[in-house]
Amino acid sequence: LRKHGHTAFLNTGMAKGAIRKDVLDIGFDGIVAANGASIHVGDDVWREMLIPGSSLEPYLSQLAADGLLAWLEGPDGVYVADPEDPEAVSADFVAFMRHQGIDVKAWWPLAFPVNKLTLYDRDPRRLKTYANTFEKGLIVVHRRGILEVQAGKHDKAAAMKFVVERLGSDLDVYAFGDSANDAGMLAAADVGIAVERADEEAKAAADHVCAAPEFDGIASTLIRFGLIDAETRARTSRHGL
């Protein structure tokens with residue numbers, strides 16, 4: 001895409017510090033992270049909406065005591081209460097993240113920037129109880145056993161529009177997604193493409209549905225719209241097609 005003169009952005013719900021290095025190494029013109037709270041273009045920071053440590057401290061000890069899986073994400077990393085405790089509720093999460101090449105550190109002391117706090121629990125009633133406790137000014141998003149707490153109102157679609165306005169509003173925007181929280185982005189793009197097995201909300205908002213990435217659905221769609229050519233795909237496809 002970039003060699004053909006197009007601009008490529010990664011737009012993800014994860015904070016920048018939670019994105020795997022091999023993904024970043026693909027090479028993007030910019031990163032929209034933490035559901036739009038964090039926007040990095042090259043070495044420039046276009047937006048960094050942070051939750052003050054003072055807003056989090058009253059909750060973190062209680063979350064650990066209640067046995068909820070909770071973690072913090074920021075532009076520099078991922079953090080849990082005690083990443084070295086093999087009996088902690090976060091032990092499997094820490095192992096998974098480290099297997100992905102992402103180091104997880106202790107969240108005490110709170111001397112690092114935080115974009116979001118995420119809670120997971122199989123019991124939606126406990127999450128609902130917590131959703132009502134966070135102070136005003138913090139936005140709480142609750143879906144499918146996940147509770148995300150962020151600073152201010154922002155989302156992938158609004159961040160995409162912000163980037164386009166900064167780059168030039170005459171751009172044609174193509175967006176790929178698979179999650180329910182991609183629906184707004186897919187609807188706002190000039191061409192929204194949901195990948196196979198995407199959430200139904202994403203498919204309903206999209207203009208097209210493509211094959212799964214492991215079957216080169218994204219590459220095939222980029223060829224279809226003339227954004228890359230078949231020769232480029234042959235050089236980059238894992239299948240050599």
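The following paragraphs describe two sheets, a pocket and several individual residues in a predicted model.

In the first sheet to be considered, four strands are arranged in the order E1-E2-E3-E4, and this open sheet has mixed pairing. Its edges are formed by strand E1, residues 9-11, and strand E4, residues 44-48, each of which pairs on one side only. Averaged over the sheet, and with direction ignored, neighbouring strands are turned by 10 degrees against each other. The mixed character of the pairing can be followed strand by strand. Strand E1 is joined to strand E2, residues 30-33, in the parallel sense over three bridges, and within this pair Leu-10 has Ile-31 of E2 as its bridge partner. Strands E3 and E4, by contrast, run antiparallel and are joined by four bridges, with Val-45 in E4 serving as the bridge partner of His-40. These two strands, E3 and E4, form a hairpin in which two residues lie between them, and Gly-42 in the turn has a positive phi of about 60 degrees. Helix H5, which comprises residues 156-167, packs on the four-stranded sheet and touches E1, E2, strand E3 (38-41) and E4, while the direction of the helix makes about 140 degrees with that of E4.

Two loop residues beside these strands are buried. Thr-12 is placed in the loop between E1 and helix H1, residues 21-24, and is buried with a relative accessible area of 10%; this value lies under the 20% that sets the limit for a buried residue. Apart from residues up to four places away in sequence, Thr-12 touches Ile-19, Val-32, Ala-33, Ala-34, Asn-35 and Lys-156. One of these contacts, Asn-35, is itself found in the loop between E2 and E3 and counts as buried at 8% relative accessibility. The backbone of Asn-35 has a phi near 55 degrees, which is a positive value in a residue other than glycine.

Asn-35 also takes part in lining the second largest pocket, together with Ile-139, Val-141, Arg-143, Glu-148, Gln-150, Lys-153, His-154, Asp-155, Lys-156 and Asn-181. The volume of this pocket is about 200 Å³. Strand E9 and strand E10, residues 146-151, are the elements that give two or more residues to the lining, and the largest share, three residues, comes from E9. When the lining residues are divided by type, two are nonpolar, four are polar and five are charged.

The strands E9 and E10 belong to a further open sheet, in which six strands follow the order E7-E6-E5-E8-E10-E9 with mixed pairing. Strand E7, residues 104-106, and strand E9, residues 138-143, stand at the edges with a single partner strand each, so one side of each of them is left without a neighbour in the sheet. Neighbouring strands here are turned by 25 degrees against each other on average when direction is ignored. Within the sheet, strand E5, residues 69-74, and strand E8, residues 116-120, run antiparallel and are joined by five bridges, and Glu-73 has Lys-116 as its bridge partner in E8. Helix H3, residues 91-99, packs on this sheet, where it touches E5, strand E6 (77-80) and E7, and the direction of the helix makes about 160 degrees with that of E6.

The edge strand E7 contains Val-104, which is buried with a relative accessible area of 1%. Residues up to four places away in sequence being left out, Val-104 touches Val-78, Tyr-79, Val-80, Pro-83, Val-94, Met-97 and Arg-98. Although Val-104 and Glu-73 are 31 residues apart in sequence, their C-alpha atoms are 9.7 Å apart in space.

Two exposed loop residues complete the description. Pro-109, in the loop between E7 and E8, is exposed with a relative accessible area of 61%, and the peptide bond that joins Trp-108 to Pro-109 is cis, with omega at about -10 degrees. The C-alpha atom of Pro-109 is separated by 12 Å from that of Ser-61, which is 48 residues away along the chain. Arg-197 lies in the loop between strand E12, residues 191-195, and helix H7, residues 200-205, and is likewise exposed, with a relative accessible area of 57%. The phi of Arg-197 is near 70 degrees, again a positive value in a residue other than glycine.

Terms used:
Residues are numbered from 1 along each chain as its sequence is written. This is a predicted model: local features need pLDDT of at least 70, side-chain atom pairs count only at pLDDT 80 or more; totals for chains, interfaces and linings use all residues. Side-chain values use heavy atoms; hydrogens and water are left out. Two strands pair if DSSP finds at least two bridges between them. Axes are lines fitted to C-alpha atoms, for helices over the stretch in contact, and angles run from 0 to 180 degrees between N-to-C directions. Contact means heavy atoms within 4.5 Å. Buried means under 20% relative accessible area, exposed over 50%, partly exposed in between (1.4 Å probe, protein chains only). On a 1 Å grid over the protein atoms alone, a cavity is a set of points where a 1.4 Å probe fits but cannot get out, and a pocket is an open set with protein on both sides within 12 Å along at least five of seven lines; lining residues have an atom within 4 Å of a point. Grid points are joined across faces, edges and corners, and a volume is the space filled by probe spheres set on the points. Ala, Val, Leu, Ile, Met, Phe, Trp, Tyr, Cys and Pro count as nonpolar, Asp, Glu, Lys and Arg as charged, and the others, Gly among them, as polar.
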